[in-house]
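Hi,

Here is the structure I said I would pass on. Have a look at it first, and my notes come underneath.

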Amino acid sequence: MQLIRIRTDDELMWYKDIWDEILAAEVNDNPFIEFAWFYNWWQIVGRRARVELYAVEEDGQIIAFFPFTVQLRWGIRIYSFAGENIANYSGVVAKKEWLLPATTFVFDQLIEKHKHVIFSFHGLLESKESTKVIEQYFVERQLRPSIFRVVTPYLAFHDIDFHHHFNQRRKLHGVDRRERKLRRLGSLIRKRPSQDELWQMFRLFDRRWAKKIDTSDFTKGKKKDFFEHLTLLKGEALQVEVDALVFENQWIAFTYGICCRGRYVTYALAHEPTFNIFGPGRLVNQETIKRTYSENYQLFDMSIGYEPYKFDWRSSIDFTRRMLVSSGTKRAKLLASRFTLKERLKEILKGNHRIVEWKRNTLGQLRYLVKYGKVKDWLEYGQLFVEKIIRFKQVDLYELSPSDSVTPHRPVGDLFEELSIQEAMQLDEEETISLFYKGYTIYKDSFAEKNKVAFALHAMNWRVDELQIVEALPKQTYFLTYDVYKNIDIITAFFQKMKPAQTLWVTASFWQRRKRKRLLQLGYKRISRMKHFKCARYERNHVEKYTESGGDVHSVH
């Protein structure tokens, strides 16, 4: 055997057909070892990386490729598969019959030449033959590898009754119900975007992760250029497919998938934060699964990680390894032990979903506040933090029947009109979109220069979100919500003009003293008081009724 060093991407192009033929013959479905992936990575992202790409020749024929990157530390060469921080999986490019002899030859050559060597291999799928062969080599050479695993859920379409599986899973977490609510509000479609629409994908990803910690750098610098360039590939085994979920002509979610010979790998997924309550991330994932099945894919790979939505859909699981091993020198062993300790700690932390969520969300929120937060934002965050330990809530429920109202001092006219979902989307407020989800009819000031929510009415339920109360309203009754203190008299008069025979309910918290006083002046009567107290793990709830009208108020959940 002979080892050939390929030093430039121009030189690599001479080997494209051989590389592609090897993977085609092996029916490779790992997109991250395809020629198109490595070549474009080297051209766009890996220019500054120290790439050592080797081809193995036997009897004048190329039988394998080993794409490495190398780092130097303490005089020790650390070999990794190329694209460590960007490729989900890795492996060796070789036909099955040549995999073990080629691997043995290359690793023997590297250890013999450099002496102080560490192999740090990421993304080794346990189901792949190259993973088993690499481990076999180290065991045979008595170089004990340290192995770290992370779960990799997938959906194998040939293992399930898809229609039964799909209908069952889409009901989890009320996804089917959320989808119906969204469709009732407007037009909801899945589309395959054109090239000139991809800017919306990167914009949506940045919005989704603005208050979270993202380690993928999907929209940063050269990596963004790389991922965008992959969408232009034609005629390759590797293809990129983007699915966008569009509501009323606005992107609310997308998936970026990398496909190869029947395997779809979910690489990036994001959704519009203001639509959180509708679960658009789950919706677009569901739509992508349905599409890939209809297009005869064999495997829907949800990629590495312990996110709950992946386990909702998976039919089975694989594991992805990181393998660390050093040559027999003391210096290499010492550095490898440091890396091993670090990886062991990362494995423990990443395996705990609560820690992952805390890092991603809590630390992300703090980072956002440090960069962009105003005094109001810090006060709100501080309040939420304190309420995790000690909390007191008191909310009064008031009723205004048609016979109890007080005539306002000024005419009402047509001061308010309904706010459409399309107008609400322009406000970029999650709270407003949530009101639509909860079934409110939202009203705006008819004469304001800019759209802004004035108040919202519900005809079926009354609710106190801070106490997690949702109850059915009595007949002929509406519930009024939103910050209505300043205009409560005008809003009340408008309601009575619009629905003169209806009763109106509204709530006021313990801290809204002026609002409670004004409600009483307008003829509202207090019909119930709800209290909630928490200190550490101790919680107490109490409800007081003052009239029979509040009979539906029976508990605090």
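Below is what turned up, going through two helices, the cores, the empty spaces and one loop residue. Keep in mind that this is a predicted model.

Let's start with helix 2, which covers residues 16-25. Its buried residues are Lys16, Trp19, Asp20, Ile22 and Leu23. Looking down the axis of helix 2, you'll find these buried residues within an arc of 160 degrees, so they line one face of the helix. The general background is simple: an α-helix has 3.6 residues a turn, so residues three or four places apart point the same way. What do the buried residues of helix 2 pack against? Their partners are helix 1 (9-12), helix 3, strand 2 (51-58), strand 3 (61-73) and strand 5 (93-94). Asp17 and Glu21 are exposed, on the face of helix 2 turned away from the buried side. Just past the end of helix 2 comes Val27, with a positive phi near 50 degrees.

Helix 7 (residues 175-185) can be read in a similar way. Val175, Asp176, Glu179 and Leu182 are buried there. They sit on the same side of helix 7, because they cover an arc of only 125 degrees around the axis. Among the elements that cover them are strand 8 (188-191), strand 9 (238-247), strand 10 (250-260) and helix 10 (280-294).

Now the cores. The largest nonpolar core has 52 residues, and the members touching the most others are Trp37, Phe218, Phe254 and Tyr256. Helix 3 (residues 35-44) gives this core its largest share, 8 residues. There is also a second, separate core of 35 residues, with Leu188, Val395, Ile442 and Leu473 among its members.

On to the empty spaces. How many cavities of 30 Å³ or more are there? The count comes to 4. The largest cavity holds about 80 Å³ of space. Its lining is made up of Trp19, Phe32, Ile33, Trp37, Phe38, Pro67, Phe81, Ala82, Ser90, Gly91 and Val93. You've met two of these above: Trp19 is one of the buried residues of helix 2, and Trp37 belongs to the largest nonpolar core. By class, that lining has 9 nonpolar and 2 polar residues, with no charged ones.

The second largest cavity has a volume of about 50 Å³. Arg169, Arg170, Leu172, His173, Val175, Arg282, Gln286, Asp312 and Trp313 line it, and helix 10 and helix 11 (308-313) are the elements that give two or more residues each. Here the lining splits into 3 nonpolar, 2 polar and 4 charged residues.

As for pockets, the second largest one contains about 340 Å³ of space. It has 17 lining residues, and Glu26, Asn28, Lys128, Glu129 and Ser130 are the closest to its centre. Helix 4 (96-114) and helix 5 (129-140) are the elements giving two or more residues to that lining. The classes come out as 6 nonpolar, 6 polar and 5 charged.

Last, a loop residue. Is Ser303 buried or exposed? Ser303 has a relative accessible area of 6%, so it counts as buried, the cut-off being under 20%. Ser303 lies in the loop between strand 12 (299-301) and helix 11. Apart from neighbours within four places in sequence, Ser303 is in contact with Asn88, Tyr89, Val151, Thr152, Pro153, Thr266 and Lys310.

Best wishes

Technical notes. Residues are numbered from 1 along each chain as its sequence is written. This is a predicted model: local features need pLDDT of at least 70, side-chain atom pairs count only at pLDDT 80 or more; totals for chains, interfaces and linings use all residues. Side-chain values use heavy atoms; hydrogens and water are left out. Buried means under 20% relative accessible area, exposed over 50%, partly exposed in between (1.4 Å probe, protein chains only). Helices (H or I, at least four residues) and strands (E, at least two) are DSSP runs, numbered from the N terminus. The arc is that of the directions from the helix axis to the C-beta atoms. Contact means heavy atoms within 4.5 Å. A nonpolar core is a set of buried Ala, Val, Leu, Ile, Met, Phe, Trp, Tyr and Cys residues joined through side-chain atoms within 4.5 Å. On a 1 Å grid over the protein atoms alone, a cavity is a set of points where a 1.4 Å probe fits but cannot get out, and a pocket is an open set with protein on both sides within 12 Å along at least five of seven lines; lining residues have an atom within 4 Å of a point. Grid points are joined across faces, edges and corners, and a volume is the space filled by probe spheres set on the points. Ala, Val, Leu, Ile, Met, Phe, Trp, Tyr, Cys and Pro count as nonpolar, Asp, Glu, Lys and Arg as charged, and the others, Gly among them, as polar.
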